[in-house]
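Q: Please take a close look at what lies inside this structure, and then work outwards to what surrounds it. I am new to it, so I would be glad of each term explained as it comes up.

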Amino acid sequence: MNAPAGRRGPGLAVIIGALCFLGFLALLFYGVNQSGRGDREALPSPLIGKPAPEFALPLLHEPGRLVTSKELLDAPYLLNVWGSWCPECRVEHPVMTRFALTKRVRVLGYNLKDEPEDALRWLEQFGNPYMLVLTDRDGRAAIDWGIYGAPETFLVDAKGIVRWKHVGALDDTIIDGELLPLLEQLEAGK
């Protein structure tokens, strides 16, 4: 017996709906599976292996003095992006302070989108591990670096080439497992 017109089995809408639901489940499964990866927040920087962007930024402690990227050549440096408004920067700060005390490499602060008074008060409260603190109040130079927040950290070699970028708070595991091996390679001339 034939089905009445309009009742010929599952309609196209039901099939499309089922396929969309299965697609959603597959996407959900993929997302849950990826959330366990340790590098899930890692964003590869297009700057790795390329010259660091040129800049001329004022110093936090001497606002009338500009420091240029060219002045920083001839020795590697670690550029640590932070702000007094950044909760993760408070978590990272003791780690950065301990690392800076090793004097393994120059550690520079990059104060992003902050009021000078707030930044100075923050450093007074938590300590200043930085050799220099550059300020980028409007965030314009940050665009060239591909900085989208804080904390972020870059390792730049003596020739001004970006060798490493880390997004998020540094911890001892990242320093020991990623940063120190890169510094050893730079010291060995690789």
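A: The largest nonpolar core has 48 residues, and those with the most contacts inside it are Tyr 77, Leu 78, Phe 99, Tyr 110 and Trp 145. Helix α5 (residues 172-187) supplies the largest share of this core, six residues. A nonpolar core is here a set of buried Ala, Val, Leu, Ile, Met, Phe, Trp, Tyr and Cys residues joined through side-chain atoms within 4.5 Å, while contact in general means heavy atoms within 4.5 Å. Buried stands for under 20% relative accessible area, exposed for over 50%, and partly exposed for values in between, with a 1.4 Å probe and protein chains only.

The model is predicted, so that local features need pLDDT of at least 70 and side-chain atom pairs count only at pLDDT 80 or more, whereas totals for chains, interfaces and linings use all residues. Residues are numbered from 1 along each chain as its sequence is written, and side-chain values use heavy atoms, with hydrogens and water left out.

Within the core, Leu 78 shows how many parts of the sequence come together. Setting aside neighbours within four places in sequence, Leu 78 is in contact with Met 96, Phe 99, Val 105, Arg 106, Val 107, Leu 108, Thr 153, Phe 154, Leu 155, Trp 164 and Leu 179. A similar pattern appears in the chain as a whole: among contacts between residues at least 6 apart in sequence, 70% join residues at least 24 apart. Of the 190 residues in the chain, 40% are buried. In soluble globular proteins, nonpolar side chains tend to be buried together.

The framework around the core consists of five helices and seven strands, which follow one another along the sequence in the pattern α-β-β-β-α-β-α-β-α-β-β-α. Helices (H or I, at least four residues) and strands (E, at least two) are DSSP runs numbered from the N terminus.

Helix α3 (residues 116-126) gives a clear view of inside and outside, since its buried residues are Ala 119, Trp 122 and Leu 123. These three cover an arc of only 95 degrees around the axis, so they lie on the same side of α3; the arc is that of the directions from the helix axis to the C-beta atoms. An α-helix has 3.6 residues a turn, so residues three or four places apart point the same way. The cover over the buried residues of α3 includes β3 (77-82), α2 (87-101), β4 (106-112) and β5 (132-136), whereas on the other side of the helix Arg 121, Glu 124 and Gln 125 are exposed. After α3 comes Gly 127, whose phi is positive, near 100 degrees.

Further out, charged side chains pair up, and a search of the whole structure finds nine salt bridges, each being a side-chain nitrogen of Lys or Arg within 4 Å of a carboxyl oxygen of Asp or Glu. In one of them, Arg 104 meets Glu 187, with the closest N and O atoms 2.9 Å apart. Because Arg 104 lies in the loop between α2 and β4 and Glu 187 in helix α5, this pair ties together parts that are 83 residues apart in sequence. Arg 104 is partly exposed, at 31% relative accessibility. Another salt bridge joins the side chains of Arg 137 and Glu 115 (2.8 Å, N to O), and it links distant parts of the chain, with Arg 137 in the loop between β5 and α4 (140-145) and Glu 115 in the loop between β4 and α3, 22 residues apart. Glu 115, at 38% relative accessibility, is likewise partly exposed.

A further bridge pairs Arg 65 with Glu 62 (3.8 Å, N to O). Arg 65 sits in the loop between β1 (56-58) and β2 and counts as partly exposed because its relative accessibility is 35%, and Glu 62 is partly exposed too, at 41%. By contrast, Ser 69, in the loop between β2 (66-68) and β3, counts as buried because its relative accessibility is 10%. Apart from neighbours within four places in sequence, Ser 69 is in contact with Pro 53, Glu 54 and Phe 55.

Nonpolar side chains also appear on the outside: Ile 15, Leu 19, Phe 21 and Leu 22 make a surface patch of about 420 Å². Patches are made of residues with over 30% relative accessible area and no salt bridge, like charges being joined within 9 Å and nonpolar side chains (Val, Leu, Ile, Met, Phe, Trp, Tyr) within 5 Å. Leu 19 lies in helix α1 (residues 12-34) and is exposed, with a relative accessible area of 55%.

Note on methods
Areas by Shrake-Rupley, 256 points an atom, 1.4 Å probe, with all protein chains shown as cover.
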